[in-house]
Amino acid sequence: KKMGPLLLLIICQCAINSVKTHSVSKPNIILLMADDLGIGDLGCYGNRTLRTPNIDRLAEEGVTLTQHIAASPLCTPSRAAFLTGRYPIRSGMAAFSRVGVFLFSASSGGLPSEEITFSKLLKQKGYATALIGKWHLGMNCESSNDFCHHPLSHGFDYFYGLPVTNLRDCKPGQGSVFLKGVQKDLVIPVQITAIALVSLAIVQYIGLLKVPFQALGYFLLTITISLVVLIFFFYHFRHLNCFLMRNHQIIQQPLSYENLTQRLTKEAMQFIERNTDTPFLLFLSYLHVHTALYASENFKGKSKHGLYGDAVEEMDWSVGRVLDVLEKHNLSDKTLVYFTSDQGAHVEEISSTGEVHGGYNGIYKGGKSTNWEGGIRVPGLLRWPGVVQAGAYIDEPTSNMDIFPTIVKLADAQLPSDRVIDGHDLLPLLQGKVTQSKHEFLFHYCNAYLNAVRWHPGNSESVWKVFFFTPNFSPEDSNGCYDSHVCFCHGGFITGHDPPLLFDLSRDPEERVPLTPETESRFYKILRVVHQAVDSHTRSLRAVPNQLSWDNLLWKPWLQLCCSSPLQSCYCDSESGGS
């Protein structure tokens with residue numbers, strides 16, 4: 001019997017739909033994250049002097065997000081938001097103190113085990129999962145081997161990288177991020193202690209007061225022990241905090257920068273090649289371009305922007321190697337590739353010789369640690385041949401929190417229903433099925449303090465941005481907080497605004513001229529809408545333990561990881577010659 005044309009059409013359509021559904025179900029996922037990269041550092045975002053052909057290729061073959069926003073302008077909270085799809089304030093990964101990131105490997109704070117990461121959900125769906133590179137979300141809780149915050153406790157099958165972060169203190173000759181702060185913070189306590197001791201000695205000598213020698217002895221002993229511990233810690237900082245791990249084992253302590261990008265890239269390529277027949281999630285979290293800057297011999301001195309440019313171009317080479325291995329194994333069409341930075345460039349990074357070690361945020365104001373656009377507007381590139389539009393630009397507000405629901409849905413996993421997820425699925429935007437972002441509001445936190453709100457009304461081209469306070473730049477006429485190396489979020493470091501500052505980013509993306517009731521007739525109406533949104537957002541928050549409290553930030557000797565013994569300066573190296 002011959003099939004009727006209508007029946008034939010229905011069968012063909014069903015077959016096409018089946019293929020289409022299959023093609024967007026359970027793809028491989030590669031997430032590439034730079035550290036402190038400026039949006040203006042890439043060719044695809046307008047840079048004409050740095051060579052980034054491989055990253056630019058992602059833009060040519062995929063979608064470029066031009067208003068892609070990091071959930072925080074600092075590493076630790078931004079990465080917590082990225083992995084969970086939630087504002088860091090919800091997980092306790094936003095600090096009320098001055099320090100907003102983990103600095104030591106033996107801190108007890110970290111991403112709580114109750115948090116659900118995209119790696120956990122994809123692992124449950126049969127994905128092979130790996131994190132290669134920087135973690136910066138904690139390590140241990142109560143002992144040096146409980147690994148409660150370790151990547152393997154958050155859904156990754158495999159980890160090769162740094163548990164904390166890359167710092168100037170990790171590389172001999174690159175200076176210290178602590179020295180200025182320690183000097184500033186210790187001057188007054190040391191002066192007070194000295195004055196107290198001299199005063200006690202004087203009153204004891206002239207007989208006005210009898211101070212028990214035992215009490216004086218205990219006081220002196222306490223001061224001495226504290227100073228010895230402090231000196232020991234900072235003298236051995238590199239060994240104690242800058243090391244390379246494979247899963248739970250330290251394989252190089254302290255970290256060597258020799259061929260480091262090559263080693264990270266090789267690990268990423270080998271992971272892909274081990275999983276050509278299995279859906280996989282690879283999170284390649286680069287150390288570039290956070291200071292201390294480094295580049296291998298093949299790239300050193302080759303760019304037009306010193307060591308910073310060398311590092312950017314070496315990272316681009318690494319991206320190219322990852323794309324090449326996908327092509328080699330015919331995986332390009334089955335793989336969603338995403339490239340971003342955890343926040344904007346660190347504009348205050350200047351070397352001791354005066355060389356600029358921070359990146360370029362294009363036309364945007366400020367940088368890392370601030371919620372001016374330069375601190376939070378980051379590259380957002382997504383490529384998936386045949387599924388995502390090629391060469392498209394999307395100027396809608398999107399967030400790094402959106403990756404969570406996007407890839408969870410692609411893996412056929414369920415979003416958690418017991419908590420607020422702040423990200424939204426990007427796929428409809430990426431495929432051109434919708435033109436408007438689901439983010440009507442985005443909330444910009446400076447540590448745990450609500451700093452600014454972005455509002456993109458559905459019936460308008462405008463993107464309103466309201467600031468409740470702004471950082472005090474130093475020097476005043478500069479573009480950053482050069483005197484303190486980063487900007488802070490409270491007290492004398494900020495200026496509050498009542499009424500808040502208002503900008504329309506669609507007309508003033510550089511945030512140069514705040515609007516006033518005289519220049520914007522809807523000024524108070526906009527503020528009312530934003531305040532209502534803040535009230536609603538605030539009501540959705542729940543009290544959680546603060547993972548970045550001083551108690552959770554401080555170095556705890558009993559949590560210290562050491563591959564040999566402290567007497568041997570915690571030294572080991574099973575990576576020598578690795579490239």
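**View 1. Helix α3, a mostly covered stretch of this predicted model.** Let's start with helix α3, which spans residues 75-84. How many of its residues are buried? Ten of ten, so the helix counts as buried if you take under 20% relative accessible area as the cut-off. Reading along α3, you pass C75, T76, P77, S78 and R79, then A80, A81, F82, L83 and T84, and these are buried. Right after the helix comes G85, and its phi is positive, near 70 degrees.

**View 2. Helix α2 and what surrounds it.** Next up is helix α2, residues 53-60. Six of its eight residues are buried, so the rest of the structure largely encloses this helix. Which ones are they? Look for N54, I55, D56, R57, L58 and A59. The buried residues of α2 pack against three kinds of neighbour you can pick out here: strands β1 (28-34) and β2 (63-69), helix α10, and strands β8 (335-341) and β9 (377-383).

**View 3. Where α2 meets α10.** Now bring helix α10, residues 306-328, into the frame. Two packed helices are described by the angle between their axes and the distance between the axes. Here the axes of α2 and α10 come within 7 Å and cross at roughly 55 degrees. The pair is therefore oblique. On the α2 side, the contact is made by P53, N54, I55, R57 and L58. Across from them in α10 sit D316, W317, V319, G320, L323, D324 and E327. Sorted by class, this contact of α2 with α10 has six nonpolar residues, two polar ones and four charged ones.

**View 4. A sheet of four strands.** Moving along the chain, you'll find an open sheet whose strands run in the order β12-β13-β14-β15, paired in the antiparallel sense. Which strands stand at the edges? They are β12 (441-446) and β15 (494-504); each has a single partner strand, so one side of each is left without a neighbour in the sheet. From one strand to the next, the twist averages 20 degrees.

**View 5. Strand β13 and its two partners.** Zoom in on β13, which covers residues 449-455. Six of its seven residues are buried, so β13 is largely enclosed by the rest of the structure. With β12 it pairs in the antiparallel sense over six bridges, and one of the bridge pairs joins H444 to A452. These two strands also form a hairpin with two residues between them. In that turn, N447 has a positive phi of about 55 degrees. Then there's β14 (residues 464-471), which pairs with β13 in the antiparallel sense over four bridges. A452 turns up again here, with F467 of β14 as its bridge partner. Another bridge links W455 with W464 in β14.

**View 6. Helix α14 across the sheet.** What lies across β12, β13, β14 and β15? That's helix α14, residues 523-539, which runs at about 115 degrees to β15.

**View 7. How confident the prediction is.** Finally, a look at pLDDT: the mean for the protein is 91, and 91% of its residues reach 70 or more. Residues 5-12 have pLDDT below 50, and beyond near neighbours in sequence this stretch has two contacts in the model. Residues 14-22 are also below 50, again with two contacts beyond near neighbours in sequence.

Notes: Residues are numbered from 1 along each chain as its sequence is written. This is a predicted model: local features need pLDDT of at least 70, side-chain atom pairs count only at pLDDT 80 or more; totals for chains, interfaces and linings use all residues. Side-chain values use heavy atoms; hydrogens and water are left out. Axes are lines fitted to C-alpha atoms, for helices over the stretch in contact, and angles run from 0 to 180 degrees between N-to-C directions. Angles under 35 degrees count as roughly parallel, over 145 as roughly antiparallel, 65 to 115 as roughly perpendicular and the rest as oblique. Contact means heavy atoms within 4.5 Å. Ala, Val, Leu, Ile, Met, Phe, Trp, Tyr, Cys and Pro count as nonpolar, Asp, Glu, Lys and Arg as charged, and the others, Gly among them, as polar. Two strands pair if DSSP finds at least two bridges between them. pLDDT is the predictor's confidence in each residue, from 0 to 100. Buried means under 20% relative accessible area, exposed over 50%, partly exposed in between (1.4 Å probe, protein chains only).
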